[in-house]
Amino acid sequence: MPAPLRRAVFAYVPSERELRDQLELIDDADALPGIPFVVKDLFDMAGLPTRAGSSFLDEVRGEPAENSKLVESIQNNGMIFAGKTQLNEFAFGLSGENPHSGNCPHPFVPDALTGGSSSGSAWAVASGLVPFAIGTDTAGSIRVPAAFCGLYGLRLAPNAWSSVGCFPLAPSFDGVGWFTSTAEDMRQASQILLPETREELGRGAYMESPHVEIDPVLRAAYDRVVHYLEVERDPELEHWGLGILQGCETAFDILRNREAYEVHAAWLDTMKDRYSPQVWERINRGRIRDDAAIHHAWEKREQTRKMNMSIFEKYDFLVTPITPVATPLLSECTDELRRRLLTLNIPPSFCGQPALAVPVPLPDGRSGGLQFIFNDMKRIPVGPLMDAMSAYQP
């Protein structure tokens with residue numbers, strides 16, 4: 001692997017000796033024996049620095065003494081740690097760009113990026129290097145690269161896996177999860193790591209945001225998946241859903257930016273020159289504490305979650321687009337595209353819901369994705385959905 005690509009993808013690669021040592025510990029009873037995995041460099045690994053795509057985090061935070069809870073769970077099932085992967089600086093981005101390690105290129109679409117912020121993890125799976133990679137998703141950081149790279153991706157609701165041994169972006173909204181390249185791999189890993197999955201897919205509804213225009217070719221591909229899965233179109237729900245979504249982005253920004261500032265406050269000024277200007281400015285937005293605005297934002301979240309609950313009294317899941325365009329070129333990764341991606345991906349993050357990303361490939365090799373949003377993290381119907389997608393012929 002060329003050095004620039006390795007820097008853009010990997011924050012750390014274990015030696016052959018370290019890999020052999022892990023293999024010697026595999027037990028015949030392990031559920032996933034010897035399967036290699038990589039981990040986004042937000043998750044702590046004992047004795048290794050956690051840099052979070054930055055140039056200095058290990059200097060101000062120190063070296064972790066323990067593995068994160070999610071890494072422990074994965075290794076306890078016999079999987080082999082094969083590396084730490086790069087990301088957008090401090091996970092604050094959706095493109096896969098990083099001024100410190102280099103931009104993470106798309107594995108097979110020239111002049112495109114993987115998407116982010118879980119860029120290196122997506123690259124490692126999409127390139128065929130490993131079958132399984134873990135990442136985080138605060139506002140689309142698993143779902144977007146899954147869509148752009150043609151992968152399956154699961155974002156879980158905030159839980160102990162995201163709060164213990166995982167460096168945060170905004171703790172109230174951070175979710176962890178994983179990528180696989182096939183539906184069967186997603187089924188197998190998720191049913192082991194999430195044993196309380198549901199056995200039937202149930203009734204679903206499809207909803208689009210009227211504020212985000214979807215590319216016509218990609219929309220047609222989305223329509224085919226929705227029709228194949230017999231997901232309902234409910235005009236009344238779409239109209240009513242506008243009331244749920246209105247104001248979510250503003251409230252989310254207020255709460256996320258405040259939490260991000262609190263995470264970084266101890267070194268934000270002293271290390272200003274070590275941040276990229278763009279990321280420093282995004283984090284710095286949370287410096288001014290407006291208690292009234294924060295209170296209203298939390299109220300908006302609770303109102304949205306309550307309204308959302310009534311949807312799940314009628315439906316078992318919602319389906320919405322992850323991206324309005326198929327795999328964009330680097331030149332197309334503009335602030336406007338970022339805004340559109342956030343509009344589509346913030347709602348489940350804002351409401352603390354899990355979402356399962358399903359790739360929607362196009363004939364030219366690019367791809368988009370649909371997210372299946374659920375209300376109960378303990379009862380995600382991974383098996384039925386993956387069975388259906390395994391049989392789907394675009």
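**Exercise 1. Determine which side chains make polar contacts with the side chain of glutamate 208, and establish whether glutamate 208 is buried or exposed.**

Solution. Begin with the side chain of glutamate 208, which makes a polar contact with the side chain of tyrosine 206 at 2.7 Å. A polar contact with the side chain of arginine 219, also listed at 2.7 Å, involves the side chain of glutamate 208 as well. These values come from a predicted model. Next, place the residue in the chain: glutamate 208 sits in the loop between β7 (204-206) and α9 (216-228). Then widen the view to its surroundings, where, once neighbours within four places in sequence are set aside, glutamate 208 is in contact with Ile214, Arg219, Glu238 and Pro321. Finally, the relative accessible area of glutamate 208 is 14%, and because buried means under 20%, glutamate 208 is classed as buried.

**Exercise 2. Describe where arginine 155 is placed, and find which backbone oxygens lie by a polar atom of its side chain.**

Solution. Arginine 155 belongs to strand β5 (residues 152-155), and it is buried, with a relative accessible area of 0%. The backbone oxygen of aspartate 137 lies 3.2 Å from a polar atom of the arginine 155 side chain, while for the backbone oxygen of glutamine 353 the corresponding distance is 2.8 Å. Both of these partners reappear in the contact list of arginine 155, which leaves out residues up to four places away in sequence and includes Asp137, Phe173, Asp174, Pro348, Ser349 and Gln353.

**Exercise 3. Work out how helices α11 and α14 are oriented to each other, and which residues meet where they pack.**

Solution. Two packed helices are described by the angle between their axes and the distance between the axes. Helix α11 (residues 248-264) and helix α14 (residues 335-350) pack at about 80°, and their axes are 9 Å apart. Since angles of 65 to 115 degrees count as roughly perpendicular, α11 and α14 are roughly perpendicular to each other. From α11, residues including Cys248, Phe252 and Leu255 take part in the packing, and from α14 the residues taking part include Arg338, Ile346 and Phe350.

**Exercise 4. Compare the span of helix α13 with the expected span, and state which of its residues are buried.**

Solution. Helix α13 covers residues 291-314, 24 residues in total, and reaches 36 Å from its first C-alpha to its last. That span is close to the 34 Å expected at 1.5 Å a residue. The buried residues in α13 are Ile294, Ala297, Lys300, Arg301, Thr304, Asn308, Ile311 and Phe312.

**Exercise 5. Examine the backbone at phenylalanine 90, glutamate 230 and the peptide bond from glycine 116 to serine 117.**

Solution. Most residues other than glycine have a negative phi, and most peptide bonds are trans. Phenylalanine 90, although not a glycine, has a positive phi of about 55°; its place is in the loop between β3 and α5, and with a relative accessible area of 1% it is buried. Glutamate 230, likewise not a glycine, has a positive phi of about 60° and lies in the loop between α9 and β8 (232-233), but at 69% relative accessibility glutamate 230 counts as exposed. As for the peptide bond from glycine 116 to serine 117, it is cis, with omega near 10°, and serine 117 lies in the loop between β3 (80-85) and α5 (119-126).

Note on methods: Residues numbered from 1 in each chain as written. Predicted model: local features only at pLDDT ≥ 70, side-chain atom pairs only at ≥ 80, totals over all residues. Heavy atoms only, no water. Helix = DSSP H or I, 4+ residues; strand = E, 2+ residues; numbered from the N terminus. Expected span 1.5 Å × (residues − 1). Buried < 20%, exposed > 50% of the residue type's maximum accessible area, 1.4 Å probe, protein only. Polar contact = N/O pair within 3.5 Å; in protein donor to acceptor, adjacent residues only side chain to side chain. Contact = heavy atoms within 4.5 Å. Axes fitted to C-alpha atoms, helices over the stretch in contact; angles between N-to-C directions. Parallel < 35°, antiparallel > 145°, perpendicular 65-115°, else oblique.
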